[in-house]
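These are my notes on a structure that I opened for the first time. I set down here what I looked up, entry by entry.

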Amino acid sequence: MTDFAGLNLAQPILRALSDEGYTTPTPIQEKSIPPLLEGRDLLGVAQTGTGKTASFALPILQSFAENSRKAVPNRPFVLILAPTRELVTQIAESLRTYGRQMPLRIQTVFGGTSMRNQIVAMQRGVHILVATPGRLMDLMKQRHVNLDSVDVFVLDEADRMLDMGFIGDVKRIAKVLPHERQTVLFSATMPKTVEGLANELLNDPVKVEVTPAATTVEKIEQRLLFVAKDDKRALLGELMNDPRIERVLIFTRTKHGADRVARHLHDNGVKSDAIHGNKAQNARQRALKGFRDGDIRALVATDIAARGIDVDGVTHVINFDLPNDAESYVHRIGRTARAGASGIAISFCAHDERGCLRDIEKCIRQPVPVFAGHPYHAADIANSAANDSGPDVRKNNGGGGGRNGQGRGGPSRGGPSGGGAKRGGGRSRRGSQGGNRGMAA
Ligand code: AMP
């Protein structure tokens, strides 16, 4: 495997990477950076967590290192489109981190926040503009952004763009870009619609692909906890007594659910916050910052808000509610296995979520090991899930324990919060519960 120095990147970039502690390119970086440096178009199939941001960020920075240009008012040289404000912010942060030794102006543009600052920044001139499509269109209509000078165009998370209804805007934006340009499209999945968009936008692209869903999942220890709906919050409170859960991302299905869970945790002395679409932009940023800085131990999120959250050192992901869509499960639990790290994913499954569970297990092509040694274990739900689960899953379950028993991820591996060294640390507030051995109690 090459190191970054072998990719012929400029010294200021190499120094910034080394400051970050990055020595070796991730697979997507290794495959994408050389053709991008040659100026090729690229179609990348990769999820967040693979290091895809640096795959396109580093070649962009390299082009400025080779050809330093003065920023021109309202006319960026590089346009990066992403579906959510969080992702836009993160991409800009990555660019600033990797490009911190270069005199570049990197500007974000997204809705839900005042236009004023964005307009002023555009007037001063920016080299790289990172934007969500809606706000960018607004600024273009008001002639604060002109895309005539764009020579690199990146579309990140194209599949999510389409899911969120941005396709029209994306096409309108692409239409006004110069024909002579380099185009990069990244997507976690490649449904027909994204393929169509890629055909329209890209010119003889290099195709790179990494980490199909099931591979990411393999690095993550998964646990399934059957629990009655009404017991979920109490179970979560119990789990949070485990000090091994240092930084946890908790997923709920609804925005109100996220607020309720965050409040419950807060009332139980766990530093927590919620992040979802109903929250004002600055509240979301504050929550993310608190989480990243370690001031907040538990961040409760809905799927859309969490998409693209890039926080290192997430020790656990808890699915308070299972997602309706199986691919979201993979995205969610992937938050705890960033760039090669491993992590632990704990999923609650209530009676009405058995169908979701079935879909998830089909998607990841393996059963999620059951942990039954918790005080709220609902044997009836476990039994009916066992009867529900398709023949494939049951066959793979190795016959041991099935849905009812401790399964492979049971207390023998140290409880739901993870096996290993510190087993038995922490204390249960509920005192000794039957079958509570594994909960680090
Ligand atoms: P991304 O898929 O772009 O969201 O990146 C996922 C995470 O991996 C981010 O936290 C990056 O800071 C980190 N990362 C990116 N490239 C590398 C690398 N070559 N070595 C180690 N970490 C990396």
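Entry 1, a term and the model. Before reading the strands I fixed one term: two strands pair if DSSP finds at least two bridges between them. I also noted that the model is a predicted one. I looked up the confidence and found a mean pLDDT of 85 for the protein chain, with 85% of its residues at 70 or more.

Entry 2, strands E3 and E4. I began with the pair to which the term applies. Strand E4 covers residues 128-131 and runs parallel to E3, and four bridges join them. I looked for a residue opposite Ile 106 and found Ile 128 in E4. I then turned to the helix here: H5 packs on the sheet and touches E3 and E4, and its direction makes about 145° with that of E3.

Entry 3, the sheet of seven strands. I asked in which order the strands of this open sheet lie. Reading across, I wrote down E3-E4-E2-E5-E6-E1-E7, with parallel pairing. Strand E3 (106-109) and strand E7 (206-209) are the edge strands, each pairing on one side only. On average, neighbouring strands in this sheet are turned by 15° against each other, direction ignored.

Entry 4, helices H5 and H6. I followed H5 (residues 115-124) to its partner H6 (residues 133-141). Their axes come within 12 Å and cross at roughly 60°. Angles from 35 to 65 degrees fall in the oblique class, so H5 and H6 are oblique to each other. I recorded the crossing as right-handed. On the H5 side I listed Met 115, Gln 118 and Ile 119, which meet Arg 135, Asp 138 and Leu 139 in H6. I sorted the residues of this contact by class and obtained three nonpolar, one polar and two charged.

Entry 5, helices H2 and H3. I next examined helix H2 (residues 27-37), whose axis comes within 9 Å of that of H3, with a crossing of roughly 25°. Angles under 35 degrees count as roughly parallel, and H2 and H3 are therefore roughly parallel to each other. H2 passes H3 in a right-handed crossing. I noted the residues that make the contact: H2 gives Ile 28, Gln 29, Ser 32, Ile 33, Leu 36 and Leu 37, while H3 gives Lys 52, Ala 54, Ser 55, Phe 56, Leu 58, Pro 59 and Gln 62. By class, the contact of H2 with H3 divides into eight nonpolar, four polar and one charged.

Entry 6, helices H3 and H4. I stayed with H3 (residues 52-66) and looked up its crossing with helix H4 (residues 85-98). The two axes come within 10 Å and cross at roughly 50°. That makes H3 oblique to H4. H3 passes H4 in a right-handed crossing. In H3, the residues Thr 53, Ala 54, Phe 56, Ala 57, Leu 58 and Leu 61 meet Ile 91, Ser 94, Leu 95 and Tyr 98 in H4. How many charged residues does the contact of H3 with H4 have? I found none, beside eight nonpolar and two polar residues.

Entry 7, the sheet of six strands. I then read a further open sheet, which has six strands in the order E8-E13-E12-E9-E11-E10 and parallel pairing. Its edge strands are strand E8 (220-226) and strand E10 (272-275), each of which pairs on one side only. Neighbouring strands are turned by 20° against each other on average, direction ignored. Within this sheet I checked E12 (residues 316-319) and E13 (residues 343-349), which pair in the parallel sense over four bridges. I looked up the bridge partner of His 316 and found Ile 344 in E13. Helix H15 (residues 326-333) lies across E8, E9, E12 and E13, running at about 150° to E12.

Entry 8, stretches of low confidence. I closed with the stretches where pLDDT falls below 50. Over residues 390-402 it stays under 50, and the model has 15 contacts there beyond four places in sequence. Residues 404-413 also have pLDDT below 50, and for them I noted 38 contacts beyond near neighbours in sequence.

Key:
Residues are numbered from 1 along each chain as its sequence is written. This is a predicted model: local features need pLDDT of at least 70, side-chain atom pairs count only at pLDDT 80 or more; totals for chains, interfaces and linings use all residues. Side-chain values use heavy atoms; hydrogens and water are left out. Axes are lines fitted to C-alpha atoms, for helices over the stretch in contact, and angles run from 0 to 180 degrees between N-to-C directions. Angles under 35 degrees count as roughly parallel, over 145 as roughly antiparallel, 65 to 115 as roughly perpendicular and the rest as oblique. A crossing is left-handed if the near helix is turned anticlockwise from the far one by less than a right angle, and right-handed if clockwise. Contact means heavy atoms within 4.5 Å. Ala, Val, Leu, Ile, Met, Phe, Trp, Tyr, Cys and Pro count as nonpolar, Asp, Glu, Lys and Arg as charged, and the others, Gly among them, as polar. pLDDT is the predictor's confidence in each residue, from 0 to 100.
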